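Please take a moment with the model below before reading on. The paragraphs that follow go through it place by place.

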Amino acid sequence: MSVLIIILVVIVLLVVWGISIYNNLVKLRNNRENAFANIDVQLKQRHDLIPQLVATVKGYAQHEKELLERVTQARAAAMNATGINDKIQAENALSSALAGLKVSVEAYPELKANQNFLQLQEEISDIENKIAATRRYFNTATRELNNAVQTFPSNIFAGMFGFQKEPMFEIPKEDRATIEKAPEIKF
């Protein structure tokens with residue numbers, strides 16, 4: 001009789017342990033999704049500001065039509081993206097297009113002095129900083145989920161219940177060279 005009780009206790013402990021691991025994986029996945037929802041809020045604000053920025057720049061930079069269209073198309077693609085991974089890819093394309101716009105603006109000193117443009121640029125800069133902060137939080141949540149999905153013994157349960165390694169929200173490779181380059185200082 002005591003052997004049967006010991007076996008039952010071991011089985012109950014294993015079941016409780018398995019439930020605990022599964023619940024932890026669910027919490028980590030939900031934390032990652034919540035982190036991306038926070039990014040989505042910031043991205044929506046950025047999407048709302050872009051048409052104003054494009055309209056302001058259009059008045060000064062008529063021949064930059066192709067660049068402005070690329071920003072507009074990237075914004076539309078980002079707004080229509082579904083799923084976390086698609087949104088990450090679309091937002092990286094939009095960030096790249098906005099970086100091109102910033103470079104183009106340098107050629108127009110009177111635009112850089114325009115009050116509407118300065119205000120929009122400041123708002124977008126503020127949102128970009130917020131997006132960077134929420135991306136860091138998202139990547140932390142993703143790292144925690146990926147660690148749980150890949151480490152023993154939770155990786156056994158992760159495989160059984162369809163949890164998988166998720167991508168980080170990283171800077172596109174083509175933009176890394178620009179970011180890693182030291183800024184030029186001119187006097």
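In this predicted model, Arg75 sits in helix H2, which covers residues 65-80. Arg75 is buried and yet takes part in no salt bridge, and the nearest side chain of opposite charge, that of Asp48, is 4.6 Å away. A salt bridge here requires the nitrogen and the carboxyl oxygen to be within 4 Å, so Asp48, at 4.6 Å, does not pair with Arg75. Setting aside residues up to four places away in sequence, Arg75 touches His47, Ile50, Pro51 and Leu94.

One of those contacts, His47, is found in helix H1. With a relative accessibility of 5%, under the 20% limit, His47 counts as buried. Beyond residues up to four places away in sequence, His47 touches Arg75, Ala78, Met79, Glu91 and Leu94.

Glu91, among the contacts of His47, leads to the charged pairs of the model. In general, side chains of opposite charge can pair when their charged atoms come close. How many salt bridges are there by this rule? The count comes to six. Glu91 forms a salt bridge with Arg46, and the closest N and O atoms of the two are 2.3 Å apart. This pair links distant parts of the chain, since Glu91 belongs to helix H3 and Arg46 to helix H1, 45 residues apart. Both Glu91 and Arg46 are buried.

Arg46 also meets Glu128 in a salt bridge, at 2.8 Å from N to O. Here too distant parts of the chain are linked, with Arg46 in helix H1 and Glu128 in helix H5, 82 residues apart. Arg46 counts as buried because its relative accessibility is 0%, whereas Glu128, at 21%, counts as partly exposed. Through salt bridges that share partners, Arg46, Glu91 and Glu128 are joined into one network.

A further salt bridge is formed by Lys87 and Asp40, whose closest N and O atoms are 2.8 Å apart. It links Lys87 in helix H3 (residues 84-105) with Asp40 in helix H1, distant parts of the chain that are 47 residues apart. Asp40 has a relative accessibility of 27% and therefore counts as partly exposed.

From charged pairs we turn to nonpolar side chains, which in soluble globular proteins tend to be buried together. Which residues touch the most other members of the largest nonpolar core? Of the 29 residues in this core, they are Leu53, Val71, Leu98, Leu101 and Phe138. The elements giving two or more residues to the core are H1, H2, H3 and H5, and H1 gives the most, with nine residues. Leu101, leaving aside its neighbours within four places in sequence, is in contact with Leu53, Val57, Leu67, Leu68 and Val71. Apart from this core lies another, of ten residues, among them Leu25, Val26, Val149 and Phe163.

Nonpolar side chains also appear on the surface, where a patch with about 1,100 Å² of accessible area together includes Met1, Leu4, Ile11, Val15 and Ile19. Val15 lies in helix H1, which covers residues 2-60, and Val15 counts as partly exposed because its relative accessibility is 46%.

A last feature concerns the backbone. Most peptide bonds are trans. The bond from Phe152 to Pro153, however, is cis, with omega near 5°. Pro153 lies in the loop between helix H5 (115-150) and helix H6 (154-160).

Conventions
Residues are numbered from 1 along each chain as its sequence is written. This is a predicted model: local features need pLDDT of at least 70, side-chain atom pairs count only at pLDDT 80 or more; totals for chains, interfaces and linings use all residues. Side-chain values use heavy atoms; hydrogens and water are left out. Helices (H or I, at least four residues) and strands (E, at least two) are DSSP runs, numbered from the N terminus. Buried means under 20% relative accessible area, exposed over 50%, partly exposed in between (1.4 Å probe, protein chains only). Lys and Arg count as positive and Asp and Glu as negative; His and the chain ends are not counted. Contact means heavy atoms within 4.5 Å. Patches are made of residues with over 30% relative accessible area and no salt bridge: like charges are joined within 9 Å, nonpolar side chains (Val, Leu, Ile, Met, Phe, Trp, Tyr) within 5 Å. Accessible areas come from the Shrake-Rupley method with a 1.4 Å probe; for residues, only the protein chains shown count as cover. A nonpolar core is a set of buried Ala, Val, Leu, Ile, Met, Phe, Trp, Tyr and Cys residues joined through side-chain atoms within 4.5 Å.
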